[in-house]
Structures are given as structure tokens and as C-alpha cells.
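Colleague: I have not looked at this one before. Can you walk me through it?

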Amino acid sequence: MSKDLIVKDNKLIEAKYSLSTLQQKVLLQAIAKIEPTDTKFIYKFNIMEFAEAVDLKGSKTIYNQMATICDQLIKLPNLCIKTKDDGFKYINWVASAEYIPKEAIVEVEFSQKLMPYLIELKEQFTTYYLANVMQLKSSFSIRIFELLKQYEKLKKRTIKLEDFRQLVGTTEIDKNGEIIKEDYPLYANFKSRVILPAQKELKQKTDIYFNFKEIKEGRKVVAIEFEILENIKNKNKIQNTIDFEQMSLYIIQLQEEFKKKTKVDIKYEVLEKLVKEKGFSTVKKYIDNWEKFKHQSIKNVLGFFIIAVTKDFDIPTEQKAKHSDFEQREYTEEELQHLYANYLKE
């Protein structure tokens, strides 16, 4: 995970479509796995990682929901993207979507025609951290966030009300221009069910928020003028969350590497405490150089490892080096067991 950055061509940001909140989040979770120069179209993510991001950790229904969502993604209506000649292109979101129970992962294969709007983008694109939207409860809030994030540097955006309804998905029009869906046709209802809740959610949970002004012709609202503001408090909070999540992944990687090197499991909490005390690079150094300590008769691997890191043991330069060559005392089996048992209690 490269800090779960979402990168979208602005044409995709302004595409017209209607998705549920969970559908949007599943697609965004997969999009966050894309690297700028990818040539593949298939992306996987762990369901528990997703559940934690959307605040559904421990939910007993998340697995069934994933199976349902994968089925829904295949059947989604095409999204409508405006072309350079003012025409419209209709594109499938995904070629396939699969829930794999044994591995607890979701695999999303984006359609080939969608990928140019997600990779190798050099101009006219929008980026934001996934953490901004995964806690949003409303699908409208996610869409409004993206539409305003696109204009964040300009600090203002005016959108015709008719277009705005289509962009957030409350109104859908077919290829012939006929309305096939129209939720909240009265502006007062649209305002109270779409705009105001999104305004509240963005201010509470994302790194931008907005004020808005209604533009009228006579008494009729014809457009919305948004003032886009930086949400410093949330921006710092989101960055701290991202940094913590990134470090968590690094610690999990250390766990896996430790087991490969030593054939022994180590608790996440132990590694986390060692990283906080001594730094990630120091802990990694001792794991990377573990084989150099094999000349010593290490019966309690976990205890010895903690001592080595916390006491800054010298790393032998040769695997056959003798313990007496280094300024570090031996610890008894009883001392090592006691150390590991009590390390987290200190």
C-alpha cells in the first residue's frame, strides 16, 4: 500500500453514474492498489483491511456483503464519460469481481477501457488519500468530496443544478436523454438530503469542507456555487492515520521476516514496542542479521532478540565468531523467559 492514494483522470471524476456507498468504497479500495505504470488490470485487497478502513471491523456480515457487492459490480450500468468532441463514452467499471473466501480477499478486474483514466496520468487529474472517504456514510458525500477536491486549488466551483444532480447520481438519463431516475426532484428535498448532510460529513471527516451559495433565476435555483476550504485539523489527523497504517504494515512485514529467519512467532505488540523504543531501522537490522548470531546457542529466541535490540548488541562480522569477542554478557534461560514475559508490562 503506497499510503492508499487515489488518482483519477478528471474525466472520470466528472463521469455520470450512480453507485451505493459500499460499491464506491470497494472500487476505491481496489483503485488505491494501482501503481502509475501498471500494465495489469487485476487488483486484490484483504477483506479485514477493508472492514477496518470502513469501520466494520468485527462485523459478521462483511463477508456476505462482499459476495453480494462483487455480484453487483458485474451488473453495474455503464458510467458515462464526456469525450473531447462533446460526445459521450459508455464504459463498464469492471470486467470481473470475485470474492475468494479461503483467502478472505476480493479480486477486482477493471475493464480495459477504464484503465487509461487510472494510470499514466500526466495532466488534468485529481489525487486524494483514501482515508478521506472510507469513513463517509453517504454515497453523495463521496461524490461531492471528489468533485470539490478537483477544484481545491481554485477554492471555488460552480455547478449547474441539473448537472450536479446527475453527477451525484440522484438523476439518471439514458442514451437518448430521457430521465430514467429522479430522486428528490424538489430542490428543498435535494438540499436537505444531499447537500447539507454532505457539508456536515466533509467537515467532520475529510481534509476539505465547503460553504455554498444558491444561484437563482427568479425564484428558481439553477446552480450551486461552492467555496472550498482546507480542513487543517482533519488533514493532520488523516496524515497521522496514514502514517500509523503504513507503520503497521511495516511491522507486519517484520513479523513475517522474523518468522522466516528464526522459525519462531513473535507478537505484533512486542515488535511495535521495540520499534517505538529503538526505531524501525534498528529492529530491522537485527532481523536482517539474525543468521550472524547462529554461532551462539540461543534457546530462547524471543528473549535473546529483545535483549539484542534493547541493549544494542554488537552484530558479529563473521558467522563463526565467538561470543567472547563482543562486549555483551550472556543471559540465562530464566532471565530471557522473564524478560519476554514482562516486556509488555513495563
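Modeller: What follows goes through a sheet and its helices, then the empty spaces, then a few single residues.

Colleague: What should I know before reading any numbers?

Modeller: This is a predicted model, in which local features need pLDDT of at least 70, side-chain atom pairs count only at pLDDT 80 or more, and totals for chains, interfaces and linings use all residues. Residues are numbered from 1 along each chain as its sequence is written, and side-chain values use heavy atoms, with hydrogens and water left out.

Colleague: Which strands make up the open sheet, and in what order?

Modeller: The order is S8-S12-S11, three strands with antiparallel pairing. Strands here are DSSP runs of E, at least two residues, and helices are runs of H or I, at least four residues, numbered from the N terminus. Two strands pair if DSSP finds at least two bridges between them.

Colleague: Which strands are at the edges?

Modeller: S8 (156–160) and S11 (208–217), each of which pairs on one side only. From one strand to the next, the twist averages 25°. Angles run from 0 to 180 degrees between N-to-C directions, with axes fitted as lines to C-alpha atoms, for helices over the stretch in contact.

Colleague: How many bridges join S8 to S12?

Modeller: Five, between S8 and S12 (residues 220–230). Isoleucine 159 has isoleucine 224 in S12 as its bridge partner, and lysine 156 has glutamate 227 in S12.

Colleague: Which residues of S8 are on the covered face, and which on the uncovered one?

Modeller: Arg157 and Ile159 are on the covered face, while Lys156, Thr158 and Lys160 are on the uncovered one. In a regular strand the side chains alternate between the two faces of the sheet.

Colleague: Which helix touches S8, S11 and S12?

Modeller: Helix H5 (residues 139–149) packs on the sheet and touches those strands, its direction making about 90° with that of S11. Contact means heavy atoms within 4.5 Å. Helix H6 (residues 161–168) lies across S8 and S12, at about 95° to S8.

Colleague: Is H6 mostly covered or uncovered?

Modeller: Mostly covered, with six of its eight residues buried. Buried means under 20% relative accessible area, exposed over 50%, and partly exposed in between, using a 1.4 Å probe and protein chains only. The buried residues are Leu161, Phe164, Arg165, Gln166, Leu167 and Val168. Their cover includes H5, S8, strand S9 (171–173), H7 and S12. Glycine 169 follows H6 and has a positive phi, near 90°.

Colleague: Switching to empty space. How much lies in the largest pocket?

Modeller: About 740 Å³. Of the 28 residues lining that pocket, Glu52, Ala53, Thr241, Phe244 and Glu245 are the closest to its centre. On a 1 Å grid over the protein atoms alone, a pocket is an open set of points with protein on both sides within 12 Å along at least five of seven lines, a cavity is a set where a 1.4 Å probe fits but cannot get out, and lining residues have an atom within 4 Å of a point. Grid points are joined across faces, edges and corners, and a volume is the space filled by probe spheres set on the points.

Colleague: Which helix gives the largest share of that pocket's lining?

Modeller: H8, with 11 residues. Helix H3 (47–53), helix H7 (187–205) and helix H8 (232–262) each supply at least two.

Colleague: And how many cavities of 30 Å³ or more turn up?

Modeller: One, in a search of the whole structure. The largest cavity holds about 60 Å³ of space, and its lining residues include Lys8, Tyr17, Trp93 and Glu146. Helix H2 gives the largest share of this lining, four residues.

Colleague: Where is lysine 205?

Modeller: In helix H7. Lysine 205 is partly exposed, with a relative accessible area of 24%. Its C-alpha atom is 7.2 Å from that of leucine 136, 69 residues apart along the chain.

Colleague: Last thing: which loop holds glutamate 120?

Modeller: The loop between strand S6 (105–110) and strand S7 (125–129). Phi of glutamate 120 is positive, near 50°, and glutamate 120 is exposed at 52% relative accessibility. Glutamine 124 is in the loop between S6 and S7 too, with a positive phi of about 55°. Most residues other than glycine have a negative phi.
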